[in-house]
Amino acid sequence: MHQGQDVIIHCAGTLEDGYVFIDTWAGNNPLNVTVGSGQLPPGVERRLMGLTRGQRSVFTLPSAEAYGEYDPSLVFEVPAGSIPNAHDLPIGGFITVQTDAGMARLRVLSVQDGVVRFDQNHELAGRDVTFEIELVSDGTETAIDLERNAKGCSCDALRESLLGEKCCHDGHHG
């Protein structure tokens, strides 16, 4: 595998408390990604680089290799008067704004005393995460390979290696 290569992967990601924040197997919607493009956290990219087609890997990443450490300097304040309808902002929710550097996703922390507090950290910053990834396609398959390796289950069960549960069809997910 090389930088710039387009691949298709399945992945699931969980937090330490078991919360599943992504599971492409559940809806059978694998991700199309370009290796080295920054679409995936750095630690996931490194693990992906070591996989061959059809291979899976389960691993836990510290926050620094996943979505980054929480950075308090990314919390900032803006006068509420400079934002139209500031009182209608979704406290605890997210907004997307255009900046000189492009689009930015901000969490609205508070609107009070004429000031709006925003947090530009990724919502998973500072959290260790566990991933399971599978390299579905690296672009080198023939049509015969694709047909021979067709997979899927109508039960939409999560990967048994993540939750320790079996599929309703005799656990054939693995």
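What follows is a look at the fold, the cores and the aromatic contacts of this chain.

The model is a predicted one, so to speak of local features takes a pLDDT of at least 70 and side-chain atom pairs count only at pLDDT 80 or more, while totals for chains, interfaces and linings use all residues. Residues are numbered from 1 along each chain as its sequence is written, and side-chain values rest on heavy atoms, with hydrogens and water left out.

On the overall layout, the chain has three helices and nine strands, where helices (H or I, at least four residues) and strands (E, at least two) are DSSP runs numbered from the N terminus. In sequence order the pattern reads β-β-β-α-β-β-β-β-β-β-α-α. Buried residues, meaning those under 20% relative accessible area (exposed is over 50%, partly exposed in between; 1.4 Å probe, protein chains only), make up 36% of the 174 residues. Among contacts (heavy atoms within 4.5 Å) with a separation of 6 or more, 59% are between residues 24 or more positions apart. The accessible surface comes to about 10,200 Å², and carbon and sulfur atoms hold 49% of that; these areas come from the Shrake-Rupley method with a 1.4 Å probe, and for residues only the protein chains shown count as cover.

Next, the cores. A nonpolar core here is a set of buried Ala, Val, Leu, Ile, Met, Phe, Trp, Tyr and Cys residues joined through side-chain atoms within 4.5 Å. The largest one has 18 residues, and Val7, Ile9, Val44, Leu48, Leu61 and Ile133 touch the most other members. Strand 1 (6–15), helix 1 (42–49), strand 4 and strand 9 each give two or more residues to this core. Apart from it lies another core, of eleven residues, with Ile83, Leu106, Val116 and Phe118 among them.

Strand 4 (residues 56–61) is two-faced: Ser57, Phe59 and Leu61 are on the covered side, and Arg56, Val58 and Thr60 on the uncovered one. It pairs with strand 9 (residues 129–137) in the antiparallel sense over six bridges, pairing being called when DSSP finds at least two bridges between two strands. Across that pairing, Arg56 stands opposite Glu134. Ser57 is buried, at 15% relative accessible area. Beyond its neighbours within four places in sequence, Ser57 is in contact with Arg47, Leu51, Phe131, Glu132 and Ile133. With the same kind of neighbours set aside, Leu61 is in contact with Gly43, Val44, Ala66, Asp128, Val129 and Phe131.

As for the second core, Leu106 sits in strand 7 (residues 102–112) and is buried at 5%. Not counting residues up to four places away in sequence, Leu106 touches Phe76, Gly93, Phe94, Ile95, Val97, Phe118, Asp119 and Gln120.

Finally, the rings. The whole structure holds four aromatic pairs; rings of Phe, Tyr and Trp (its six-membered ring) pair if their centres lie within 6.5 Å, with planes under 30 degrees apart stacked, over 60 edge-to-face and the rest tilted. Phe76 and Phe118 make a tilted pair, because their centres are 5.7 Å apart and their planes are at 35°. Phe76 is in strand 5 (residues 75–79) and Phe118 in strand 8 (residues 115–119), so the pair ties together parts that are 42 residues apart in sequence. Phe76 is partly exposed at 29% relative accessibility, whereas Phe118 is buried at 4%. Elsewhere, Phe21, Phe59, Tyr67 and Phe131 form one aromatic cluster.
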